[in-house]
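Reader: I'm new to this structure and don't want a quick tour. Please pick one part, look at it closely, and then show me how the rest connects to it.

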Amino acid sequence: MKTIGLIGGMSWESTIEYYRILNEEVNKRLGGWHSAKLILYSVDFDEIVNLQKRGEWRMMGDILADVAKRLERAGADFIVICTNTMHKVAEYVRSRIKIPLLSIIDCVANEIKKKGLKKVGLLGTKFTVEDDFYREGLRKHGIDVVIPKESEIRDVHKIIFDELCKGIFRDSSKYRLIEIIKNLEKRGAEGVILGCTELPLLIKEDDVDIPIFDSTKIHALYAVEMALINC
């Protein structure tokens, strides 16, 4: 079994889900007392949030690259960045290490293609949705993206940072997210990406009529696949 290097803490609420899914899936596949071999480096999210607000993406890239190199030296066989937004600097991080980095965007795109969908909605932080890095990553796989309206992007961003990242779960916020997903469906989305690793904490498959792509679960399951290949 390969050792997974996790860059977590963005936020720790969703990092818990990565840890749970990785261990449950490894045990499901191998049985007995098996669990995932992993090394977790959890950053101070406040530092990252403040850099995001100032648009200091190169500095964030340097921070994550340093963490990735620490994980590499500690014995990780590949890297998993446990957040969608910070995949904005994934290529930079990849260029600074010698081990593979598993892209959440590629993992999600593969699952969308398996369902034969061509156009999906994208929910996430304003950095993920308004920037082109995520949409361009999906377009490379032949997938078109519908994003929420400006006011909806603000609402989703606020729910993520002011509530979900702090372990706050409100029914009113869940209803708002469902409403936004329905609006994306009306605009042609055949499915929707929960493109923030906190969103699956509030929205589940049964909550909406179109397919949900839980980026946290998808990314974690692909990490297990990568860890167990040739084992």
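Author: Let's begin with words: helices (H or I, at least four residues) and strands (E, at least two) are DSSP runs, numbered from the N terminus. The model is predicted, so local features need pLDDT of at least 70 and side-chain atom pairs pLDDT 80 or more, while totals for chains, interfaces and linings use all residues. Residues are numbered from 1 along each chain as its sequence is written, and side-chain values use heavy atoms, without hydrogens or water.

The part I'd pick is the open sheet of three strands, with order 2-1-3 and parallel pairing; two strands pair if DSSP finds at least two bridges between them. Its edges are strand 2 (38-42) and strand 3 (78-81), each of which pairs on one side only. From one strand to the next, the twist averages 20°; angles run from 0 to 180 degrees between N-to-C directions, and axes are lines fitted to C-alpha atoms, for helices over the stretch in contact.

Look closer at one pair. Strand 1 (residues 4-8) is joined to strand 2 by five bridges, in the parallel sense. One spot to find on screen is leucine 6, whose bridge partner in strand 2 is leucine 40.

Now see what covers this sheet. Helix 1 lies across strand 1, strand 2 and strand 3, and its direction makes about 175° with strand 2; contact here means heavy atoms within 4.5 Å. On the way from strand 1 to helix 1 you pass through a loop, and serine 11 sits in that loop. Pause there, since the peptide bond from methionine 10 to serine 11 is cis, with omega near 0°.

Methionine 10 also leads us to an enclosed space. Searching the whole structure turns up one cavity of 30 Å³ or more. On a 1 Å grid over the protein atoms alone, a cavity is a set of points where a 1.4 Å probe fits but cannot get out, a pocket is an open set with protein on both sides within 12 Å along at least five of seven lines, and lining residues have an atom within 4 Å of a point. The volume of the largest cavity is about 70 Å³, the space filled by probe spheres set on points joined across faces, edges and corners. Met10 is among its lining residues, along with others including Phe45, Gln52, Thr83, Ile160 and Phe161. Helix 2 (45-54) and helix 8 (150-162) each supply at least two residues of this lining.

Gln52 has a second role to spot. Helix 2 packs against helix 3 (residues 57-74) at an angle of about 155°, with their axes 8 Å apart. Gln52 joins Glu47, Ile48 and Leu51 on the helix 2 side of that contact, facing Trp57, Met59, Met60, Ile63 and Leu64 of helix 3.

Back to helix 1, which gives the most to the lining of the largest pocket, with six residues. That pocket has a volume of about 590 Å³. It is lined by 25 residues, and the closest to its centre are Glu205, Asp214, Lys217, Ile218 and Leu221. Besides helix 1 (12-30), at least two lining residues each come from helix 5 (104-114), strand 7 (212-214) and helix 10 (215-228).

Two of those helices meet each other. Helix 5 and helix 10 pack at an angle of about 100°, and their axes are 9 Å apart. Helix 5 brings Ile104, Cys107, Val108, Asn110, Glu111 and Lys114 to the contact, while helix 10 brings Ser215, Ile218, His219 and Tyr222. So Ile218 turns up twice, in this contact and among the residues closest to the pocket's centre.

Strand 7 takes us to another sheet. This open sheet has four strands in the order 5-4-6-7, again with parallel pairing. Strand 5 (144-146) and strand 7 are at the edges with a single partner strand each, so one side of each has no neighbour in the sheet. Its twist averages 30° from one strand to the next. Strand 6 (residues 191-194) and strand 7 run parallel, joined by three bridges, and isoleucine 193 stands opposite phenylalanine 213 in strand 7. Helix 9 (residues 171-186) packs on this sheet, touching strand 4 (119-123), strand 5, strand 6 and strand 7, and its direction makes about 155° with that of strand 4.
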